[in-house]
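Subject: Structure handover

Hi there,

Here is the structure I promised to pass on to you. Please open it next to this message and follow along as you read.

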Amino acid sequence: MDSVMRLAGRLSLATMLAVAGCSSSDSTSAPVPQLKGVVQSGGTASTRGLANAVVRWYQASSGAPRLLGTATSNEAGNFAIVIPSSTVAGVSVVTASLGSEVELVTVLGESVPDFVTVNELTTVAAAFSFAQFFHDIEIRGDSLALSIAAGMNANLVNVATGTSSSVLLSSPNADQTNSLRSTMNLANFIAGCVRQTVTQCPAVFALATPPGGPPPTSTLRALVNVARNPA
C-alpha cells in the first residue's frame, strides 16, 4: 500500500509539473492581432493628434453595419482595436467622433491594413466615393457596389498615411487637373471646425446646407452634403 501511495504521489507531482510547464509556455504566445491607427487633423504640412476621440470599426453591408470593435484615442491620437476572430470580409469603415460636431471617417476597403489614419482628407474621400451609400452617417450597400466605391476611395487617399493617393499625385492628375487641389481644399474646409469647434463649425455648416434642406450637424454630414450638392 505504501509503495502504491508513493507512486501516486510521484505521478501527482509529475502532473503538476507538466501543467506548470504548459502555463509557462502560454506566457510566450503570439500577441493578439490589432488594427492600429491614429486620429489626427492635417496630413501634409502639419498634423495634430486628436486625443479622446471615440473610434468605432464597422463592417459595412446592405443592412445595419456590424460593430467590430471600439477604442479611445490617446493623447497623441493613437488607438488600437483587437481584430475579431471572425472573418472581416468586404468593406469596413473606421469612424472617429469628438463630440457630436466632429465626425471623421476612413474607409478601409476589403482588407485590414497594418495602420490606418483618420483625418479630414480621408473623410473627404469617403464622402465623395460613398455619397450615394450614406444613410445618415452609416454606409450601406450591396457588396459589389461597396467594393467599386472602395476602389474609388483608394484613388483619392492613402488610408495608411492620410495623404493624397499616388493616383492624384501623378500625371494625368497632380497639377494637370483640379482634382488634387479640390480634395485638399475640402479637407481644409472642415479643418477649422475640427480644431476650433465652437468658433468655426457654425460657418462650415451654414455653407454646407443644401438648398431647401436643414444644415448639417457634423463635419461628415457637411462633406456628404457638398458631394451631393456640389453647386
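Below is what came out of going through the model, starting with the whole chain and ending with a few backbone details.

**The chain as a whole**

Please keep in mind that this is a predicted model. The protein chain holds 7 helices and 12 strands. Of its 231 residues, 40% are buried. Among contacts in the chain with a separation of 6 or more, 57% are between residues 24 or more positions apart.

**Strand 6 and its neighbours**

I would begin with strand 6, which covers residues 92-98 and has 6 of its 7 residues buried. On one side of the pairing list is strand 3 (residues 54-59), which runs antiparallel to strand 6 over 6 bridges. In strand 6, valine 94 is the residue that tryptophan 57 stands opposite.

Strand 6 also pairs with strand 7 (residues 102-109), again in the antiparallel sense, through 7 bridges. Here serine 97 is set opposite glutamate 103 of strand 7. Strands 6 and 7 make a hairpin with 3 residues between them, and glycine 99 in that turn has a positive phi of about 75°.

**The nonpolar core**

The largest nonpolar core counts 55 residues, and those touching the most other members are Val39, Trp57, Phe79, Val94, Leu104, Phe130 and Ile139. Helix 5 makes the biggest contribution to this core, with 6 residues.

Which residues does valine 94 touch, once those up to four places away in sequence are set aside? The contacts are Leu35, Val55, Arg56, Trp57, Phe79, Leu104, Val105, Thr106, Leu108 and Val118. Valine 94 and Trp57 are thus worth viewing together: they stand opposite each other across the strand pair, and both are on the list of core residues with the most contacts to other members.

**Helix 7**

Helix 7 spans residues 219-228, and 8 of its 10 residues are buried, so the helix is largely enclosed by the rest of the structure. The buried ones are Thr219, Leu220, Ala222, Leu223, Val224, Asn225, Val226 and Ala227. The cover over them includes strand 7, helix 2, strand 9 (134-135), helix 5 and helix 6 (197-207).

**Two pockets**

You will probably want to look at the pockets next. The largest has a volume of about 260 Å³. Its lining is made of 15 residues, with Gly42, Gly43, Thr44, Ala187 and Asn188 nearest the centre. Strand 1 (34-42), helix 2 (120-129) and helix 5 (179-195) each give at least two residues to that lining, and helix 5 has the largest share, with 5 residues. By class, the lining of the largest pocket divides into 5 nonpolar, 8 polar and 2 charged residues.

The second largest pocket encloses about 200 Å³ of space. There are 15 lining residues here, and Tyr58, Val93, Thr95, Ile137 and Glu138 lie nearest the centre. Two or more lining residues come from each of strand 3, strand 6, strand 7 and strand 10 (138-139). The class counts for this second lining are 9 nonpolar, 3 polar and 3 charged residues.

**Backbone details**

Where does the chain have a cis peptide bond? It joins serine 171 and proline 172, with omega at about 10°. Proline 172 sits in the loop between helix 4 (166-169) and helix 5.

That loop between helix 4 and helix 5 also holds alanine 174. Alanine 174 has a positive phi of about 50° although it is not a glycine. Is alanine 174 buried or exposed? Its relative accessibility is 17%, and alanine 174 therefore counts as buried, the cut-off being under 20%.

Asparagine 52 is another non-glycine residue with a positive phi, in this case about 65°. Its place is the loop between strand 2 (47-49) and strand 3. The relative accessible area of asparagine 52 is 58%, so this residue is exposed, the cut-off for that being over 50%.

To retrace the route in the viewer, you could start from valine 94 opposite tryptophan 57, go on to the largely enclosed helix 7, and finish at the cis bond between serine 171 and proline 172.

Happy exploring, and do write back with any thoughts.

Best wishes

Methods. Residues are numbered from 1 along each chain as its sequence is written. This is a predicted model: local features need pLDDT of at least 70, side-chain atom pairs count only at pLDDT 80 or more; totals for chains, interfaces and linings use all residues. Side-chain values use heavy atoms; hydrogens and water are left out. Buried means under 20% relative accessible area, exposed over 50%, partly exposed in between (1.4 Å probe, protein chains only). Helices (H or I, at least four residues) and strands (E, at least two) are DSSP runs, numbered from the N terminus. Two strands pair if DSSP finds at least two bridges between them. On a 1 Å grid over the protein atoms alone, a cavity is a set of points where a 1.4 Å probe fits but cannot get out, and a pocket is an open set with protein on both sides within 12 Å along at least five of seven lines; lining residues have an atom within 4 Å of a point. Grid points are joined across faces, edges and corners, and a volume is the space filled by probe spheres set on the points. Ala, Val, Leu, Ile, Met, Phe, Trp, Tyr, Cys and Pro count as nonpolar, Asp, Glu, Lys and Arg as charged, and the others, Gly among them, as polar. A nonpolar core is a set of buried Ala, Val, Leu, Ile, Met, Phe, Trp, Tyr and Cys residues joined through side-chain atoms within 4.5 Å. Contact means heavy atoms within 4.5 Å.
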